[in-house]
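Here is a short briefing to read alongside the model. Keep the viewer open as you go through the topics.

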Amino acid sequence: MKIDLNRILRSYGILIAFILICIAMTILSPVFLTVTNIRNVIRQSSIYGIMAIGMTFVILTGGIDLSVGSMLAIAGAIAAGSAKGGMGLELTILIALGIGLGCGLVNGLIVTAGRITPFVVTLGMMSIARGLTLIYTKGYPISGFDETFRFIGGADILAIPFPIIVFFLTVVIAWLVLTQTRLGRYTYAIGGNEETVKLSGINSDVYKTIVYMISGITSAISALILTSRLNSAEPVAGTGYELDVIAAVVIGGTSLMGGRGSVWGTLVGALLIGVINNGMNLLGISPYFQLVVKGVIIIGAVLLDRLRQEAA
Amino acid sequence: MNTLLRMVGISKSFPGVTALSKVDFDLEPGEVHALVGENGAGKSTLMKILAGVYRADEGEIWLKDRRITAADPRAMIDAGVSVIYQELNLVPYLSVAENIFLGREPRRAGGLIDWQAMRAEVVKLLAPFKLSLDPRARVGAIGPAYQQVVEIAKALSLKADIIVMDEPTAPLTGSEVDRLFEIIRGLKAGGVSIAYISHRLEELHEVADRVTVLRDGQRMITAPLSSLTVDDIIRNMVGRQLTEQYIRAGAPSAEEVLRVEGLTRQGVCTDVTFHLHRGEILGFAGLVGAGRTEIMQLIYGYRRKDAGKVFVNGREVKIRRTRDAVKSGIALIPEERKKQGLILGLSVLDNSALTIFDLHTRAGFIRWRDIRKLVRQMVSNLGIKTPSLGQTVRNLSGGNQQKVVLSKWFVRRCEVYIFDEPTRGIDVGAKVEIYKLMESLAAGGAGIIMVSSDLLEVMNVPNRIVVVYDGRIVKEFNRGDASEEEVISYALGLGAKSS
């Protein structure tokens, strides 16, 4: 049997790149391959990794969600307010998820019923949710929670940090939804050719709305983790997160045109960004320079993906 | 010899079809030469060869006594041939002047566009038309009549002495048509020759000098219009050889499966009423653009109707979106199968199962095993050649892609199947296969609507035929009750023929 190198590269290219970078880091830095460091990398990746899973749904339909960072901020702030107001853990979580869901619903409805491009709608929501956060917090952080709330971001289960468990659970659930449910198959189909989907008797608007709600929920999950971990909800939390989130999805091989991609790719994409951030810190590379490297990697990953598509 | 254009013995084949065989066409200076024929008779192909879009398999093109050998669109424009397609080639957001000079803008020293020179030139070009058209107006805002004038002005600015017009009067109102004819007469007087494609036979006498009738890719007649009546022209358009094997639909049952009453949408169709029996194939005949596709999309809920009721099995169904239509058992197999029927980046399985995920889900999870079984069965029934169900549809051949669209609908078992131009662009063998499939669906108790612009096909396959003209059903025939001349006469909006 012949080994089809092209096929392997096409399916696992980003994974191979990820492994190579990990090997290189292990050689360059003695600290990299330690349990503490790996735990740190994955835990840090979890915050935007979870959001990137929601973003994967949106991008698979051919849309985009620029409001994830602001949705994180408002869900985090209101959750913090609730926690401090003595709402109890369950209610606090429900409130945060409800906020994310609501913002996503508004995004989805305006995109579908208002027929405005997702870029503009979520750009608007990015500003609105940020503004509401600042109004709600009056510009000050909300800090200092009881032990139960700090569990979300801080606790370990069987030596695994809770955020990491949530991240991997999100990936698995998203994978099941994408492969085993109508919502999942329609998500790919809408990104592939929405006209065909409509003509096949599917109410595509409903499903398009749902993907924005999913993105809202994953932003709220990350909000809970971040707020709990920092023991504080900052009004400016999540600023600029949309870039890392979109980068993780794109590096993971999901097409911005929609219709093609997977959550496993996004998982690797998120971890790759985490490893690169961590690695450059370990190597003492200036954070200014890190931005440049990250940008090069984003463009490089998409360029490679396009070349592979053309070769196929 | 001072003939401006001579096309001699032009032949052109596409895979499976002969579009033109040994067709002659010529133009004298300052002449309007009409080109008519049924849908698919070869008019557009002939003009695309003239425009250099297609290359003829055989034949010669002589322009001003010079033989054209390497015909590509650029070369033909430079040689003085401009084509005004039905779908105008204008940029709606740019001004009249910018459209006319797109890519050839006059420049000033320094590379900036010389707006003044451009406008002055446009005013000069438009002067003979005696219109009040501002060169600075946005093309998207000036209406179809003026847009055509812009195309004509563009052709003149390119120093065209041959202008091909494809159905120029189709989007125009009565007074606009008169003005266009005025302009055409002006062009003639200026020595420009026009090849004029039109379905509106009655207007030819007003504007054209000669007419050439094509049928089935062959030239039937070329004659001065003064020597022909509209009936003479029609007689030459019809009478295609029955080369294809038509499968005739069997006898339908008396049970009504679909009834449409008073379907109306402003500017699209008016008071469309018809019914369909189980086991029946109902043909929708008419010209391209008569509104048949739009009528089907209205029934199917893909467009919103102003008025009208749809009944399935005698019960009224409220169809607001495609979902409602599919739920009540109506399937629409669209004309643009690749663009509207497939998701090229997804697998055969995903494409075929798109219509049935809702039927095979338990507790939220898709029952892939059931779906696989159904799709595998359908793939083998239809003879779709694919290495696996997971194969991306993009990688299949065109014919197999077409079948995937069918499999998508056949797995769902609908009550009514609407086929929009099911045989367009496919070869004879595949056509017969499609007829057989429709017949077997009908035999299984479904009702079939077949929209077809192929006159012979639509007269021979269905049990009944309705003729659509300008968004209305103008006539209904049983198979065998009408002659081709009658059907085409209704399709052309001429009504009952006297003969």
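## A bridge in the sheet of chain B

B:Leu35 has B:Ile197, in β8(B), as its bridge partner. This is a predicted model, in which local features need pLDDT of at least 70 and side-chain atom pairs count only at pLDDT 80 or more, while totals for chains, interfaces and linings use all residues. Residues are numbered from 1 along each chain as its sequence is written, and chains are lettered from A and ligands numbered from 1 in the order in which they are written.

**The sheet**

- Strand β3 (residues 32-37) and strand β8 (residues 193-197) of chain B run parallel and are joined by 4 bridges. Strands here are DSSP runs of E with at least two residues, helices are runs of H or I with at least four, and both are numbered from the N terminus.
- Both strands appear in an open sheet of 6 strands in chain B, with mixed pairing and the order β6-β7-β8-β3-β9-β10. Two strands pair if DSSP finds at least two bridges between them.
- The edges are β6 (81-84) and β10 (218-224) of chain B; each has a single partner strand, so one side of each is left without a neighbour in the sheet.
- From one strand to the next, the twist averages 15 degrees. Angles run from 0 to 180 degrees between N-to-C directions, with axes fitted as lines to C-alpha atoms, for helices over the stretch in contact.

**Helices on the sheet**

- Helix α1 (residues 43-50) of chain B lies across β3, β6, β7 (162-166), β8 and β9 (210-215) of chain B, and runs at about 150 degrees to β7(B).
- α8(B) also packs on the sheet, where it touches β3, β9 and β10 of chain B and makes about 30 degrees with the direction of β9(B).

**Two domains in chain B**

- Chain B is assigned domain 1 (5-237) and domain 2 (256-491); the bounds come from an automatic or database domain assignment.
- The centres of these two domains of chain B, taken over C-alpha atoms, are 35 Å apart.
- In chain B, 11 residues of domain 1 are in contact with 12 residues of domain 2, where contact means that C-beta atoms, placed from the backbone, lie within 7 Å.
- Helix α8 (residues 230-237) of chain B supplies the largest share of the domain 1 side, 3 residues.

**Where the chains meet**

- Between the chains, 18 residues of chain A are in contact with 25 residues of chain B.
- On the chain A side, α8 (182-192) and α9 (194-199) of chain A are the elements that give two or more residues, and α8(A) gives the most, with 5 residues.

Technical notes. Two residues are in contact if their C-beta atoms, placed from the backbone, lie within 7 Å.
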